[in-house]
Amino acid sequence: MKILGIESSCDETAAAVVVDGRQILSSVIASQAEEHGKFGGVVPEIASRRHIESIVAVTRQALCHAKLTLESIDGIAVTAAPGLIGALLVGLNFAKGLALAQNKPLIPVHHLRGHVASCYLSHPELTPPFLCLIASGGHSHIILVEDYITFQVLGRTVDDAAGEAFDKAARSIGLGYPGGVAMDALSRSGNPAAISLPNPKTQKPFDYSFSGLKTAVINLCHNAQQKGQPLPPEDVAASFCAKVAEILWQRLEDVAHNRSQTKIAIAGGVAANSWLRAMAQKRSTDCGFDLYLPRKELCGDNAAMIAAQGYYEILAGQTVGMVLNGRPTMEIEDLFTYLH
Ligand code: KG4
Ligand code: ZN
């Protein structure tokens, strides 16, 4: 089954064609990051406008790379929640138009379910149940993937998401938005033991908290600047990356032991972080876990992951009519209403 995926929930306009949830025929991403960088973060109004400008060309290109026409597509999967509502609505209404005009099934996909599905694209052997950490710009969730469309959130951040903390900490050492990748690159020449950073505490043992850590880095930079003391940015980057990786992994490992799960996946933009990947690989070997990391280019937002999840949603009958609306917030466990 060939599914066309469309993603526009934040600042990437993306379209892709995936066969049977596993084989990518094409994946096109138009990133707006550079433009939002001028403002230090995503400007929702600009994001919506850029999606409108790019979506037709991006979708045409995805079909062209796949050497397919719309007629030969079996279903149209689109991110319908969560995300910036104006941005979501561009992809959603475009997908609705295509589905109506071509009389194709319309499949709403939860963005985080898409991130989980990015693991299927890199690991053909991966099947549920497994445990998945999703660490992105907006979420840090530990999820039990019970089957392809049944999820249970076991832990989540009580404040900032890991990606958000990366972006803010990166800004305090003078890196542009989004700062995660730049911080990762800079950290390679730094000393991870140079700066001692706090260990966040949470009431529930499997939750995360990143705002204290973020504030600690911001204050550290501020103080050094005011006192005119040297603070090598590469050491800040390395110490921060090492600490975030340790926190993200440790909770995940705790949940894995608690739930007797040995299949562990990590997805979302922060899953591209080299410290987290190295730590996950080492500790998985120590613990005897099977680890599933998406290829780096599939960690950030893309439409291949939406098409992949769309395949499993359509198999389960999760298609919708034209009354479908976008939702800025929605739990990964929930199903879209107005199903056929
Ligand atoms: O999943 P994603 O592309 O978008 C959301 O759904 O939010 O995640 C974006 C986040 C940004 O905060 C970005 O700085 C972070 O992922 N990120 C990284 C790396 N690559 C992207 N953080 C740390 N290290 C990286 N290599
Ligand atoms: Zn995302």
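Here are a few exercises, with worked solutions, on a predicted model.

**Exercise 1. The first sheet**

Work out the strand order of the open sheet that contains E1, and find its edges.

*Solution.* Start with the order: the five strands run E3-E2-E1-E4-E5, and the pairing is mixed. Next, look for strands that pair on one side only, and you land on E3 and strand E5 (106-110). Now check the twist: neighbouring strands in this sheet are turned by 20° against each other on average, ignoring direction. Then zoom in on E4 and E5, which run parallel and are joined by five bridges. To get your bearings there, find Ile76, which stands opposite Leu106 in E5. Finally, see what sits on the sheet: H4 packs on it and touches strand E1 (2-7), E2, E3, E4 and E5. The direction of H4 makes about 90° with that of E5.

**Exercise 2. The second sheet**

Do the same for the open sheet that contains E6: what is the order, and which strands are at the edges?

*Solution.* The order here is E8-E7-E6-E9-E10, again five strands, with mixed pairing. At the edges you find strand E8 (150-156) and strand E10 (290-292), each with a partner on one side only. The average turn between neighbouring strands is 25°, direction ignored. For a closer look, take strand E9 (residues 263-267) and E10: they pair in the parallel sense over three bridges. Ile264 is a handy marker, as this residue stands opposite Leu291 in E10.

**Exercise 3. Two helices meeting**

Describe how helix H4 (residues 111-122) and helix H10 (residues 304-315) pack.

*Solution.* What do you need for this? Two packed helices are described by the angle between their axes and the distance between the axes. For this pair, the axes come within 7 Å and cross at roughly 95°. Angles of 65 to 115 degrees count as roughly perpendicular, so H4 and H10 are roughly perpendicular to each other. Now list who touches whom: residues of H4 including His111, His115 and Tyr120 meet residues of H10 including Met305, Ile306 and Tyr312. Sort the contact residues by type and you get eight nonpolar, five polar and two charged.

**Exercise 4. The zinc site**

Which residues coordinate the zinc ion (ligand 2), and how are they spaced in sequence?

*Solution.* First, pick out the donors: His111 (NE2), His115 (NE2) and Asp301 (OD), at 2.0 to 2.1 Å. Second, write the spacing, which is H-x3-H-x185-D. Third, place the residues: His111 is in helix H4, while Asp301 is in the loop between E10 and H10. These two are 190 residues apart, so the pair links distant parts of the chain. Last, judge the geometry. The four donor atoms subtend angles of 95 to 135° around the zinc ion (ligand 2), which makes the arrangement irregular. For reference, ideal angles for four tetrahedral donors are 109.5 degrees.

**Exercise 5. Backbone oddities**

Where does the backbone have cis peptide bonds, and which residue other than glycine has a positive phi?

*Solution.* Begin with the background: most residues other than glycine have a negative phi, and most peptide bonds are trans. Now go through the exceptions one by one.

- Ala81 to Pro82 is a cis peptide bond, with omega near -20°. Pro82 is in the loop between strand E4 (75-81) and helix H3 (85-102).
- Tyr177 to Pro178 is cis too, with omega near -10°. Pro178 lies in the loop between helix H5 (162-172) and helix H6 (179-187).
- Asp20 has a positive phi, near 50°. Look for Asp20 in the loop between strand E2 (12-19) and strand E3 (23-31).

How values were computed: Residues numbered from 1 in each chain as written. Chains lettered and ligands numbered in written order. Predicted model: local features only at pLDDT ≥ 70, side-chain atom pairs only at ≥ 80, totals over all residues. Heavy atoms only, no water. Axes fitted to C-alpha atoms, helices over the stretch in contact; angles between N-to-C directions. Helix = DSSP H or I, 4+ residues; strand = E, 2+ residues; numbered from the N terminus. Parallel < 35°, antiparallel > 145°, perpendicular 65-115°, else oblique. Contact = heavy atoms within 4.5 Å. Nonpolar A, V, L, I, M, F, W, Y, C, P; charged D, E, K, R; others polar. Pairing = 2+ DSSP bridges. Donors = N, O, S within 2.8 Å, 3.2 Å for Na, K, Ca; no water. Tetrahedral: all angles 85-135°; square planar, octahedral: opposite > 155°, others 65-115°.
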